[in-house]
Structures are given as structure tokens and as C-alpha cells.
Amino acid sequence: MQTGNTVFLALGASSQPLTRPYGWLKSLTSILCFMLGCAFFARLMRAFGHGGRTRLALAGSFTIQAAMMFTAAGLATGKVVPTPGGPISPPASPPMFIELVPLALLAFQAGGQIVASRVLGHSEIPTTVLTSVYCDLTSDAGVLRGNNAVRDRRVMGVVCLVLGGIVGGWVSRSEAGLGTVFWIGGGLKCVLVAAWFWWGAERDGEGGKGNKRRRGW
């Protein structure tokens, strides 16, 4: 996600793309908010102890993420910001900096999403980017082995992202609009909040890499 934003930020030095002269500002906003989100959620989760692997740390993190997605959804649904299914300002019109608000919210919460995967010891799960996952998947010496949990998580992560993109694309093109996509995303995060309270606690000897299950409260 931030790789593309970094490229577009660099292109902004030569005023590209020509139809979106302030596109670099969106990229810069996304990068900075994502980094701030990573720093915020990492420190928040560690504050609960056990390296952040507690019910309250995980539920609290995803609650904040869901709230930010719901806020972005409200802005899109209320037509406060332009959406693909709504009014789009022509390139010659003044830039609408209000678009930076939902962008900042989504980038910030994405930081919490990837921090959670790191805290749980499943860095192979592609929460925001696929480039490294494709590399790790194809270079895995045991990619064809029957029992390979890491490979399975990588594959399912890619499949879920692709399916999510397909569904989100069709929903955003429908009368429901882009805001509905954000509502669905926030709702799924709420499901995860509830799930953390039922997830089994980590047992002794299960704290190794790739097997960091949630601890107690």
C-alpha cells in the first residue's frame, strides 16, 4: 500500500500525474498517518502487557480501527467527500482537501491492522501488502509440502484480499456506493472485537514464533 504511495509522492516532484497536481499530498498524508498509526497501536497494545497479546489490547485496537472506518463510512455516505459513485470534481476545479480526512483515518487504522499481525507473530499474513507475500510464497522450500501452516495462511490471505477487492469493487459501483464498503469493513472489525473475548488463551510453551496465541486479559 505505502510502496505505491511512495512512488506517487516521488512523481509529485515533477508535477505528475498532470490531472491530479495535488496527488502527492494524498500520498504523503497516507504514508504519515500509516506510520503514526503503527506507532500509536504498537505502544497502545504494549501498554496492556504480555507484548500486547491480551484480550483487552486486541479488542481495544480493533475497536478503534472500526470506529475510524465507521467515521470514514459516514463521510462517504453523507456525501461530505466525493466518491466514485458520487460527484467527482473535474481536474480543472480547485482541489477538495476534505478528501484527506477519510484517507488519513483509513491509513491510520491500517497501521493498527498490520501491528496486530506482528504482535500475534503472524507476519506472513498479508494485511496491507502482497509483494513480499508473493516472494515468500514462491521461494518457500516447503511450498508443496502437505502440512505447511505458514503457506496456508499466506494463500488464504491473498485469496481473502482478492475476494474483498472484487466484492468491494462491485458494491462501490452499485447504488450502495463506496460508503457501504467502509461500513462492511468496520462491521467485520467489530466481529473481530467480539471474537477476541472468546479466543483461547495462550498455554505454556506456545509463545514461540508463529504460534503466539492471545494471552489472558
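These are my notebook entries on a predicted model of one protein chain.

**Entry 1: the overall fold**

I started with the secondary structure. The protein chain has seven helices and zero strands. Reading along the sequence, I wrote the pattern down as α-α-α-α-α-α-α. Next I looked up burial for the whole chain: of its 217 residues, 37% are buried. I also checked how far apart in sequence the contacting residues sit. Taking contacts between residues at least 6 apart in sequence, 66% join residues at least 24 apart.

**Entry 2: the core**

Which residues have the most contacts inside the largest nonpolar core? I found Phe34, Met45, Val115 and Phe182 in that role, in a core of 30 residues. Four helices each supply at least two residues of this core: H2 (23-46), H3 (55-77), H4 (100-119) and H7 (178-196). H3 gives the largest share, with 10 residues.

I then followed Phe34 outwards, skipping residues up to four places away in sequence. Phe34 touches Met1 and Gln2. Its other contacts are Ala107, Phe108, Ala110, Gly111 and Ile114.

**Entry 3: H1 against H2**

Helix H1 covers residues 2-11, and its axis lies 8 Å from that of H2. The packing angle is about 140°. I had to check the label here: roughly antiparallel needs an angle over 145 degrees, so this pair counts as oblique. The crossing of H1 and H2 is left-handed. On the H1 side the contact is made by Gln2, Asn5, Thr6, Phe8 and Leu9. H2 answers with Trp24, Ser27, Leu28, Ser30, Ile31 and Phe34. Phe34 turns up again, having already been listed among the core residues with the most contacts.

**Entry 4: Ser30**

I picked Ser30 out of that H2 list for a closer look. Is Ser30 buried or exposed? Its relative accessibility is 4%, so Ser30 counts as buried, the cut-off being under 20%. The Ser30 side chain has a polar contact of 3.0 Å with the side chain of Asn5, and Asn5 is one of the H1 residues in the helix contact. Leaving aside neighbours within four places in sequence, I found Ser30 in contact with Gln2, Asn5, Leu103 and Ala107. Ala107 is also touched by Phe34.

**Entry 5: H2 against H3 and H4**

I stayed with H2 and looked up two more partners. The H2 and H3 axes cross at roughly 150° and come within 9 Å. That angle is over 145 degrees, so I noted H2 and H3 as roughly antiparallel. Their crossing is right-handed. Phe40, Phe41, Leu44 and Met45 make the contact from H2, while H3 contributes Ala57, Leu58, Ser61, Ile64 and Gln65.

For H2 and H4 the angle is about 40°, with the axes 7 Å apart. Roughly parallel would need an angle under 35 degrees, so H2 and H4 are oblique to each other. H2 passes H4 in a right-handed crossing.

**Entry 6: Lys189**

Now over to H7, where Lys189 lies. I looked up its accessibility: the relative accessible area is 6%, so Lys189 is buried. What do the polar contacts of its side chain reach? One, of 2.7 Å, joins Lys189 to the side chain of Gln65. Another, of 2.8 Å, goes to the side chain of Gln113. Not counting residues up to four places away in sequence, Lys189 touches Phe62, Gln65, Ala66, Met69, Gln109 and Gln113. Gln65 had already come up as one of the H3 residues that make the contact with H2.

**Entry 7: the loops**

I finished with three loop residues. Tyr22 sits in the loop between H1 and H2. At 40% relative accessible area, Tyr22 is partly exposed. Where does the chain stand relative to Gly12 at this point? The C-alpha atoms of Tyr22 and Gly12 are separated by 7.7 Å, with the two residues 10 apart along the chain.

The other two I looked up for their backbone angles. His50, in the loop between H2 and H3, has a positive phi of about 55° although it is not a glycine. Lys79 is not a glycine either, and its phi is positive at about 60°. I placed Lys79 in the loop between H3 and H4.

Key:
Residues are numbered from 1 along each chain as its sequence is written. This is a predicted model: local features need pLDDT of at least 70, side-chain atom pairs count only at pLDDT 80 or more; totals for chains, interfaces and linings use all residues. Side-chain values use heavy atoms; hydrogens and water are left out. A nonpolar core is a set of buried Ala, Val, Leu, Ile, Met, Phe, Trp, Tyr and Cys residues joined through side-chain atoms within 4.5 Å. Buried means under 20% relative accessible area, exposed over 50%, partly exposed in between (1.4 Å probe, protein chains only). Contact means heavy atoms within 4.5 Å. A polar contact is a pair of N or O atoms within 3.5 Å; within protein, one must be able to donate a hydrogen and the other to accept it, and residues adjacent in sequence count only if both atoms are side-chain atoms. Axes are lines fitted to C-alpha atoms, for helices over the stretch in contact, and angles run from 0 to 180 degrees between N-to-C directions. Angles under 35 degrees count as roughly parallel, over 145 as roughly antiparallel, 65 to 115 as roughly perpendicular and the rest as oblique. A crossing is left-handed if the near helix is turned anticlockwise from the far one by less than a right angle, and right-handed if clockwise.
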